[in-house]
Amino acid sequence: MNTSVTTIALGAFAAVAAAAPPPRLLVRDGHSVYVIAVPETAEPAVRTAAEELRTYLQRAAGVALPVLLESAVPPQTPRIAVGPCRLVRGFDPETDLASLGPDGILLRTYGPDVVLAGTPPRGTFYAVNAFLEDVVGCRWWTSTEETVPATPVLAVPDLDVAYTPPLRSREAFYRDAFHGPFAARLRLNGHFARIGPEFGGHLPIVGWCHTFFQFLPPDPYFAQHPEWYSEIDGRRTADRTQLCLTNAEMRREFVRVCRERIRSSPGAGLISVSQNDWGGACQCAACRALEEQEGSPSGPLLHFVNAVADELREEFPELLVETLAYHYTRRPPAHVRPRPNVVIRLCSIECSYIQPLATGEQNTAFRSDIEAWSAIAPSLYIWNYVTNFRNYLLPHPNLRVLAPNLRTFVEHHAIGVFEQGDAGCAVGDFVRLRAWVLAHLLWDPSRDENALVDEFLAGYYGPAAPHLRRYLDTLCDAAEQSGVYLRCYLADTEAWLPREALERATTAYAEATAAVAEDPILRERVRRERLPLELVWLQRCSTAGRRIRTAEPLANPFAETPRQAVEAFIALAKQHGAGQYAEGRSFDELAADLRRRYRDPGPPPEACTNLPRDTWIDCQDNLFTLHGYGNWVQTVADDTASDGHAARMPGNHPQWAVQLPLGEELAAEGPWTVHVVLRCEGADA
C-alpha cells in the first residue's frame with residue numbers, strides 16, 4: 001500500500017511537557033521508559049491494536065515501544081495497557097468492559113500507567129484509535145492518505161473516558177470506506193466494510209436487503225407454488241411482485257431457508273426479511289383484509305415478519321430480524337407491533353435533502369412516520385440517502401443536513417444507520433470529505449459538524465481550505481434560497497443553481513486552485529475535486545445555444561474549446577477510477593453522452609440558410625433526452641442526416657423515448673415555426 005504521510009507539529013502536548021514534565025512523559029527526544037502491555041489471552045484485534053499503537057507512536061515520536069505480554073512487564077515499569085489487562089481490573093475492580101455496551105471504549109490513567117481498552121471484539125482497537133487521534137494527533141483522511149504528527153516530546157494528560165457510541169451499526173457507503181483498516185480507523189463497522197477479524201470484524205446482515213425473491217426465487221418455486229406469490233388483478237404472478245404474506249405454507253419454507261442462511265453465516269447479528277425493490281404487493285382477499293385492518297401495507301408485512309421472528313428466536317435467541325419500512329410500507333400499521341427481536345429499517349428515499357428531516361416543511365410526511373415507528377418499535381435502523389443517484393458527479397448540496405438528520409435518527413432510538421453514498425464512484429462530490437465527516441458523526445453525533453468539515457478541508461487541502469469552504473457554502477446557500485425539493489435523483493442543477501451563484505462558486509474554486517499551485521499533491525487533490533463543477537458547466541454550455549435572446553452565451557471557463565473541456569473531464573475521471581456515474585450506470589456511458597453532445601455541428605438546415613443566425617436553432621439528436629437508451633432508443637450513424645447522426649427508435653414499444661426539453665426561456669421567445677425531420681423504415685419500406 002502506498003500511503004502518503006504528512007508530518008505536522010503537534011504543539012499542545014509538547015508545550016505542556018516542556019513547561020513542567022508530568023508523570024506520564026511518554027516520549028522525549030527519542031527516549032521512552034514505557035512498554036505496551038497486552039494480556040496473555042489477547043484476541044486478534046487487541047494484538048492489532050497494540051501494533052497500531054506501536055507503529056504510529058514510532059512514526060510520530062521516533063520511538064518503537066516494546067510490546068510485551070503483561071506477565072513479562074518488569075515491576076515498576078510504566079506501561080500502556082492495551083486490552084483487558086489485569087491492570088484494568090487491579091486499579092478499578094468495578095470496571096467490566098462488556099458493561100460498556102457494543103463497541104464501548106475506556107481510556108484511563110492511573111499514576112504513570114495508561115489503559116486503552118474496550119468491549120470485545122472491536123472496542124480496544126477503537127480505544128487505541130481514539131488515543132492516537134485525540135492525544136497523538138493522527139488523522140486518517142483516506143485509505144492511503146494520512147497525517148502523522150512530528151512530536152519529539154509527547155506527554156499524556158489525565159484521561160478518564162468511558163464512551164459507548166449510540167449507534168451499534170455505523171456505515172458510510174463510500175468506495176474508500178469499504179477498505180478494512182481504514183473503515184476500522186474511522187470506527188465504521190457496517191455490512192459492506194471489509195473488516196477482518198484482526199481489526200475486530202464488522203456487522204454483516206444475512207441477505208442484506210430485498211430478500212423475498214432472494215430466499216424464495218420464482219425459479220424454481222413459482223411453477224409448483226404460484227399461490228406463494230402476489231395475486232395481482234386476480235392472477236398469481238412473480239413478475240416484479242412480492243410474496244403472498246398470509247400464506248402459511250410459504251412462510252414455513254421461508255423460515256426453513258432463513259435457518260439455512262443463518263447457520264452458514266456465523267457471527268451475523270441480523271437477518272433481513274424484506275420486500276423486493278419494487279411494488280406489486282399481494283391483492284388476495286386475505287392480504288387485502290389484513291391491510292385494511294391495519295390501515296397500511298406495512299400491516300401484512302409486519303405480521304409476516306413477526307411470525308418469522310418468533311420461529312427463529314428459539315434457535316437464534318440473540319439474532320435480530322430486520323425488515324424495511326420503504327415506499328409503500330413506510331407508514332406504520334395501526335395495531336400490530338414489532339416483536340422485541342424485530343428491527344424496522346426506515347428509509348428516507350422520498351425526502352428532500354436540503355431541509356433537516358426534523359424541522360423542514362418539505363419532510364413533514366417522513367417526520368410523521370419516524371415519530372410513529374419510534375413510538376411502537378423496540379429499535380429502528382435507518383437507511384438514509386446522502387448522494388444523487390441520478391448522477392454521482394454533480395454537486396449535491398446536502399452537507400448542512402447530515403449532522404441534524406443523524407441526531408434525529410438517534411433521538412428516535414435508531415441502533416444503526418446506513419448512509420448510502422456513491423460507493424460506485426471514486427470522484428463524486430467531495431466523497432472523501434463526506435465519508436470522513438459522516439464516519440465521525442456516526443461515532444459521535446454530538447460533534448460539531450462545521451468544525452469537522454473545516455478540519456478535513458484544512459488537513460487535506462491545505463491553503464485551499466477557506467476557498468473550498470466558500471465554494472461549498474455558495475452551493476448550499478443557492479439551494480436553500482431556491483426552495484428546491486432536493487431529491488436523491490436529479491438529472492442536473494438547473495432547479496437550484498442560478499448562473500450568478502455558479503459563477504461565484506467558480507471564482508471561489510479558481511482561488512482554491514491558485515492557493516495550492518506550488519504544491520503538486522494538494523494541487524492534484526483540488527483539481528480532482530473540481531470534476532463536479534466542470535460537469536455543471538458542461539451541462540449548461542451544451543444547452544446554451546437554445547437561449548439565443550434571453551441570455552448571453554455561456555462559455556466554459558475550464559478550456560478554450562468545449563471539446564477540450566469534455567476530453568479533460570473524461571481523462572481525469574478515468575485516471576481516478578470513476579467507475580459508475582450513476583447507480584448501475586458505467587462512467588463510459590456518461591463519457592459517450594458528453595462526446596455526443598459536443599460533437600461538431602452539421603451545416604445549417606436548408607430552410608434556415610438565408611435567415612439571421614439569431615432567429616433559428618438546429619436541435620440535433622445530441623440535445624435530445626433519450627429514455628431507455630439501448631432498448632427503446634439509441635444513436636446511430638446516418639449518412640442521410642444533416643450532421644451524419646440520428647436517434648433510432650424501434651417500432652416495438654409506445655414509449656416517448658425521444659424528448660427535447662426546450663425550457664421556459666425558449667417558450668417565452670416564441671412563437672416558433674417548428675420543422676421535425678424523421679424517417680420511417682420497415683421491412684416493407
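Two strands are taken as paired if DSSP finds at least two bridges between them. The exercises below apply this to a predicted model.

**Exercise 1. Establish the strand order of the mixed sheet and identify what packs on the sheet.**

Solution.

Step 1. The open sheet has 6 strands, and their order is 4-3-5-7-6-11, with mixed pairing.

Step 2. The edge positions belong to strand 4 (67-69) and strand 11 (160-163); each has a single partner strand, so one side of each lacks a neighbour in the sheet.

Step 3. From one strand to the next, the twist averages 20°.

Step 4. Within this order, strand 6 (residues 105-110) and strand 7 (residues 113-118) run antiparallel and are joined by 6 bridges. In this pairing, Thr 109 lies opposite Val 114 of strand 7.

Step 5. The packing element is helix 4 (residues 123-136), which touches strand 5 (79-82), strand 6 and strand 7. The direction of helix 4 makes about 130° with that of strand 7.

**Exercise 2. Describe the parallel sheet, then locate its edges and the helices that pack on it.**

Solution.

Step 1. Here 7 strands make up an open sheet with parallel pairing, in the order 12-20-19-18-17-16-13.

Step 2. Strand 12 and strand 13 (205-206) form the edges; since each has a single partner strand, one side of each is left without a neighbour in the sheet.

Step 3. Helix 10 (residues 298-313) packs on the sheet through contacts with strand 16 (270-272), strand 17 (320-325) and strand 18 (342-347). Its direction makes about 170° with that of strand 17.

Step 4. Helix 13 (residues 431-443) also packs on the sheet, where it touches strand 12 and strand 20. The angle between the directions of helix 13 and strand 12 is about 170°.

**Exercise 3. Characterise strand 20 and the pairings it makes; is Ser 169 buried or exposed?**

Solution.

Step 1. Strand 20 covers residues 414-420, and 7 of the 7 are buried, so the strand is largely enclosed by the rest of the structure.

Step 2. To strand 12 (residues 169-172), strand 20 is joined in parallel by 4 bridges. Ser 169 stands opposite Gly 416, and Ala 172 opposite Glu 419.

Step 3. With strand 19 (residues 380-385), strand 20 pairs in the parallel sense over 6 bridges. There, Tyr 385 faces Gln 420 as its opposite residue.

Step 4. The cut-off for a buried residue is under 20% relative accessible area. Ser 169 has 5% relative accessibility and therefore counts as buried.

Step 5. Leaving aside residues up to four places away in sequence, Ser 169 touches Asn 189, Gly 190, Leu 203, Tyr 381, Ile 415, Gly 416 and Val 417.

**Exercise 4. Determine which residues of helix 12 are buried and what covers them.**

Solution.

Step 1. In helix 12 (residues 402-411), the buried residues include Leu 402, Ala 403, Asn 405, Leu 406, Thr 408 and Phe 409.

Step 2. Their cover includes helix 11 (364-376), strand 19, strand 20, helix 13 and helix 14 (449-461).

Step 3. After helix 12 comes His 413, which has a positive phi near 70°.

**Exercise 5. Compare three salt bridges by location and burial.**

Solution.

Step 1. Side chains of opposite charge can pair when their charged atoms come close. The model contains 44 salt bridges.

Step 2. Arg 187 and Glu 133 form one of them, at 2.6 Å from N to O. The pair links distant parts of the chain, 54 residues apart: Arg 187 is in the loop between helix 5 (180-185) and strand 13, and Glu 133 is in helix 4. Both Arg 187 and Glu 133 are buried.

Step 3. Asp 643 and Arg 599 form another, at 2.8 Å from N to O. Asp 643 is in the loop between strand 24 (634-637) and strand 25 (645-648), and Arg 599 in the loop between helix 20 (587-597) and strand 23 (625-626), so the pair ties together parts 44 residues apart in sequence. Asp 643 and Arg 599 are both buried.

Step 4. Glu 503 and Arg 499 meet at 3.1 Å from N to O. These residues are 4 apart in helix 16 (residues 499-515), and are therefore separated by about one helical turn. Glu 503 is partly exposed at 35% relative accessible area, and Arg 499 is partly exposed at 28%.

Note on methods
Residues numbered from 1 in each chain as written. Predicted model: local features only at pLDDT ≥ 70, side-chain atom pairs only at ≥ 80, totals over all residues. Heavy atoms only, no water. Helix = DSSP H or I, 4+ residues; strand = E, 2+ residues; numbered from the N terminus. Axes fitted to C-alpha atoms, helices over the stretch in contact; angles between N-to-C directions. Contact = heavy atoms within 4.5 Å. Buried < 20%, exposed > 50% of the residue type's maximum accessible area, 1.4 Å probe, protein only. Salt bridge = Lys/Arg side-chain N within 4 Å of Asp/Glu carboxyl O.
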